[in-house]
Amino acid sequence: MEDSYMDDFIKRTWADINISAFSHNLKEIRKKVGNKVKIMCVVKADAYGHGAKCIANELEKQGADWFAVSNIEEAIQLRNYGVNKPILILGYTPCDMAEKLYNFNISQAILSYDYGANLAEFCKTKGIKIKGHLKLDTGMNRIGFPCQSEAEICDSVDLIEKLNEFKEIEIEGAFTHFAVSDSPKSGREFTQFQFKNFESAINEMGKRGINVPLRHCCNSGGIICYPEMKLDMVRAGIILYGLYPDYELSNKINLQPAMELKTVISQIKTIEKGRTVSYGRTFKASKNMVVATVPIGYADGYSRGFSGKAYMLVCGQKAPVIGRVCMDQLMLDISNIDGVKEGSEVVVFGKQGNEEISIKELAELIGTIDYEIVCLIGKRVPRIYCKGETHAETASNSKCKQRNAYT
């Protein structure tokens, strides 16, 4: 990222993303796992809505060892963004796209024997060899070789042994995914069950001469709660972005949230007692009120579920959302807030003055998780990158710039 800054972006609704937070959070993760363990940075879903182009380049500069994405489109984007470190696709890639895996030097999760064999057969027709990480299903019951009992482990390793005979796939790693590692009390027994299954499968492979150079189990919850399970590499996801997989863990690692979502006041008006606000007329003024309209709605990723429940920060004070959230706009009660003007900055989540609205509290209002809040911020919301308080260069000639997500 270049050290030049400017503020010439359209101030309608935008996300401020503090690049410095990623450096801080990566250092905190490194403290947890030590210098000998590799860190795989998960940047799927456009870096959890933060913008993969800027974030991946910054993380690579800060010492990330690997990157993980969901699909081949995301992986190729990272290569086109200039990312040079190894990349692992965690999910499915059609076998007829194996040549792209080879051309872009991308590693693929091997989900089953049939899938791996089909990949290998396609590679054989092209005269190429690809790299793969064996996905072991130790209890998530989503994808991977079944490994939840001695019999399943034996059967799966039989298949992996056959798969290992294909010269077209280089097995460079094996991994599993913990289901409840972010619940250190209720989830401990099951996480230990999963880890035991993983170790048993790896040991069985070793007995049969199957070399697995990279073993990785720990996701964000595992990194925080189970340092003894760090193995060769860990996969850091939500904690990279300064959010906790469970807020009971907030005292176990010091994270800095990277994103704040902001908008502005587009209009201020006084409405009389008895008048209603927005679609469905669900809100009725109990007295004369001062109402502000702001240009953000569910098309920007601000859920309709926040209608009548949430607050935003205006002039450092909490202003209730009144009436239903519209596609592109919503209304706030600013009757008790002085100094508000059209164009005044509004904080949707983040800090303003001495007040703060956290992603956690917004998630709790609508019964979801903070992952979803940041991932659903819409395509038309520009991401404005900054170090500390200043906006990074936008639009033209920097790797970190104003941009719309998913482009």
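## A salt bridge in helix α10

Glu-364 and Lys-360 sit together in helix α10 (residues 359-365), four residues apart, or about one turn of the helix. Their side chains meet in a salt bridge, with N to O at 3.0 Å. As for the surroundings, Glu-364 is exposed, at a relative accessible area of 52%, while Lys-360 is partly exposed at 26%. Bear in mind as you read on that this is a predicted model.

Salt bridges also turn up as a network here: Arg-12, Asp-300, Asp-328 and Arg-380 are joined into one by bridges that share partners. Search the whole structure and you get 16 salt bridges.

## Two more charged pairs

Helix α1 (residues 19-33) has a pair of its own. Lys-31 and Glu-28 are three residues apart in that helix, which means about one helical turn separates them. Their side chains form a salt bridge, 2.9 Å from N to O. The two ends of this bridge sit in opposite settings: Lys-31 is exposed, with a relative accessible area of 64%, whereas Glu-28 is buried, with 12%.

Then there's Glu-260, which bridges to Lys-262 with the closest N and O atoms 3.7 Å apart. That still makes the grade, because a salt bridge here needs the nitrogen within 4 Å of the carboxyl oxygen. In this pair Lys-262 is the buried partner, its relative accessible area being 10%. Glu-260 is partly exposed, at 23%; it doesn't count as buried because that label is kept for values under 20%.

## Helix α3, mostly tucked away

Now for helix α3, which covers residues 52-62. Eight of its eleven residues are buried, so the helix is largely enclosed by the rest of the structure. If you want to click through the buried ones, they are Ala-52, Cys-54, Ile-55, Ala-56, Asn-57, Glu-58, Leu-59 and Glu-60. Notice that the list includes Asn-57, Glu-58 and Glu-60.

Just past the end of α3 comes Gly-63, and the backbone there takes a positive phi of about 115°.

## Arg-79 and its contacts

Arg-79 belongs to helix α4, which runs over residues 72-80. This arginine counts as buried, because its relative accessibility is 15% and the cut-off for buried is under 20%.

What does Arg-79 touch, once neighbours within four places in sequence are set aside? The contacts are Asn-84, Lys-85, Pro-86, Ile-87, Phe-104 and Asn-105. Take Asn-105: along the chain, Arg-79 and Asn-105 are 26 residues apart, yet their C-alpha atoms are separated by 9.0 Å.

## Ser-156 in helix α7

The last stop is Ser-156, found in helix α7 (residues 150-163). At 4% relative accessibility, this serine counts as buried. Leaving out residues up to four places away in sequence, Ser-156 touches Phe-145, Pro-146 and Cys-147.

Pro-146 deserves a second look when you have the side chain of Ser-156 on screen. A polar atom of that side chain lies 2.6 Å from the backbone oxygen of Pro-146. The pair qualifies as a polar contact on distance, because the limit is 3.5 Å.

Methods:
Residues are numbered from 1 along each chain as its sequence is written. This is a predicted model: local features need pLDDT of at least 70, side-chain atom pairs count only at pLDDT 80 or more; totals for chains, interfaces and linings use all residues. Side-chain values use heavy atoms; hydrogens and water are left out. Helices (H or I, at least four residues) and strands (E, at least two) are DSSP runs, numbered from the N terminus. Buried means under 20% relative accessible area, exposed over 50%, partly exposed in between (1.4 Å probe, protein chains only). Contact means heavy atoms within 4.5 Å. A polar contact is a pair of N or O atoms within 3.5 Å; within protein, one must be able to donate a hydrogen and the other to accept it, and residues adjacent in sequence count only if both atoms are side-chain atoms.
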